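Take a moment with the model shown here. The report below starts at one residue and then widens to the whole chain.

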Amino acid sequence: MGLACHIAKIHSEASVEQNAWELKEYIEELYWGSGKRRVMLLGHSKGGVDAAAALSIYLNELRDKVAGLALVQSPYGGTPIASDILRQGQLADMETRRIMEFIICKLVKGDIRALEDLTYEKRKEFVQSHKLPDNIPIISFHSEASVAPAVMSTMSHIAHAELPWLPHMISSTEDAIARKVPVIVPVSAAMAVCALHLQLRYGEKSDGLVTCCDAEVPGSVVVRPDRKLDHSWMVYSSWNKDPTHEHDACEMCEALLTMLVELGTQV
């Protein structure tokens with residue numbers, strides 16, 4: 001497409017308002033640094049919420065600098081997972097909240113508000129206070145996770161772990177390859193279980209973390225893939241090296257950006 005791609009290095013576990021400010025600064029840096037070329041935003045999961053927040057909070061500063069916004073599997077309306085974890089008397093209690101605070105604040109050095117900001121109460125309050133512009137094209141992409149029994153036992157390749165160097169056991173030419181061990185975890189299975197839970201508890205279809213209705217920004221162009229894709233697909237699909245594989249996150253992102261360009265010519 002001839003577009004320059006930049007990745008905003010923000011902390012996904014930071015609060016929405018904190019990330020909105022950092023994105024606003026980054027957008028302005030790109031805009032002025034590129035000779036006033038407008039920026040298209042694409043965010044996955046909470047990243048889409050952060051991008052939308054930057055555009056709505058700093059509308060006056062960014063109105064002429066942003067050409068479009070695509071939210072991919074983003075809980076724009078909130079997510080029942082966050083509400084259930086933090087709401088006393090639901091699936092969790094204060095003990096669960098303390099555990100989540102320890103994980104988010106101590107282990108990943110984040111902010112508990114990152115989770116609080118995705119509850120229905122916080123999202124309703126935010127959306128009512130900060131409106132998105134109506135003259136900038138917006139796309140909402142959401143999907144459904146498969147809850148088929150076969151998926152419940154699926155193991156996903158998510159990373160590589162490197163073992164300590166063992167010079168007496170392997171040769172130098174084999175060293176780099178032999179030290180790499182694939183990390184396999186049941187990500188798809190976990191998403192399937194969560195999707196089934198949300199379907200049974202709330203009667204809503206989801207990608208495992210975000211319900212389809214919560215991922216749709218009012219007034220946006222909605223994209224719904226025919227294939228079953230869970231919330232983790234966007235992150236881990238790049239590990240699949242099969243060239244015939246049908247689901248490619250990079251191609252999907254390029255298609256969404258192409259749509260934004262086409263929609264921009266119609267505004």
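M252 has 11% relative accessibility and counts as buried, because the cut-off for buried is under 20%. This is a predicted model. M252 sits in helix 11, which covers residues 249-266. Which residues does M252 touch, once those up to four places away in sequence are set aside? The answer is V72, F141, W233 and M234. M234 also gives a distance: its C-alpha is 9.2 Å from that of M252, and the two are 18 residues apart in sequence.

**The whole protein**

The protein has 267 residues, and 40% of them count as buried. Its secondary structure comes to 11 helices and six strands. Contacts across the sequence can be sorted by separation. Of those with a separation of 6 or more, 75% join residues 24 or more positions apart. The accessible surface is about 15,000 Å². Carbon and sulfur atoms hold 56% of that surface.

**Helix 1 and the loop after it**

I27 belongs to helix 1. Is I27 buried or exposed? I27 is buried, with a relative accessible area of 3%. Leaving out residues up to four places away in sequence, I27 touches V39, L41, L62, K65 and V66. A54 is 27 residues from I27 in sequence, and their C-alpha atoms are 9.4 Å apart.

Helix 1 spans 16-33, and strand 1 spans 39-44. R38 lies in the loop between them. Its contacts, without neighbours within four places in sequence, are Y31, D64, K65, V66 and A67. K65 and V66 are thus on the contact list of R38, and both are on that of I27. R38 and G68 are 30 residues apart in sequence, with 8.9 Å between their C-alpha atoms.

K36 is in the loop between helix 1 and strand 1 as well. K36 brings up the matter of backbone angles.

**Two positive phi angles**

Most residues other than glycine have a negative phi. K36 is not a glycine, yet its phi is positive, at about 65°. Q73 is not a glycine either, and its phi is positive at about 50°. Q73 is found in the loop between strand 2 (66-72) and helix 4 (80-86).

How do the two stand in terms of cover, buried or exposed? K36 is exposed, at 52% relative accessibility. Q73 is buried, with a relative accessible area of 0%.

The residues with a stated accessibility so far, and two cysteines taken up below, are set side by side here.

| Residue | Relative accessible area | Class |
|---|---|---|
| Q73 | 0% | buried |
| I27 | 3% | buried |
| M252 | 11% | buried |
| K36 | 52% | exposed |
| C250 | 56% | exposed |
| C5 | 70% | exposed |

**Cysteines without a bond**

A disulfide is a covalent bond between the sulfur atoms of two cysteines. How many disulfides does the model hold? The count comes to zero.

Why does C5 have no bond? The closest cysteine sulfur to that of C5 is in C253, and it is 8.5 Å away, too far for a bond. C250 has C253 as its closest cysteine too, by sulfur position. The distance there is 6.7 Å, which is again too far for a bond. The cut-off is 2.5 Å, so neither pair qualifies.

**A cavity inside**

Rolling a probe the size of a water molecule over the atoms shows where empty space is left. The structure holds one cavity of 30 Å³ or more. The largest cavity has a volume of about 40 Å³.

Which residues line the largest cavity? They are V49, A52, A53, S56, Y76, R123, F126, V127, H130 and L132. By class, seven of the lining residues are nonpolar, two are polar and one is charged. Helix 2 (46-57) and helix 7 (120-129) each supply at least two residues of this lining. Helix 2 gives the largest share, with four residues.

Key:
Residues numbered from 1 in each chain as written. Predicted model: local features only at pLDDT ≥ 70, side-chain atom pairs only at ≥ 80, totals over all residues. Heavy atoms only, no water. Buried < 20%, exposed > 50% of the residue type's maximum accessible area, 1.4 Å probe, protein only. Contact = heavy atoms within 4.5 Å. Areas by Shrake-Rupley, 256 points an atom, 1.4 Å probe, with all protein chains shown as cover. 1 Å grid on protein atoms, 1.4 Å probe; cavity = no way out; pocket = protein on both sides within 12 Å on 5 of 7 lines; lining within 4 Å. Points joined across faces, edges and corners; volume = space filled by probe spheres on them. Nonpolar A, V, L, I, M, F, W, Y, C, P; charged D, E, K, R; others polar.
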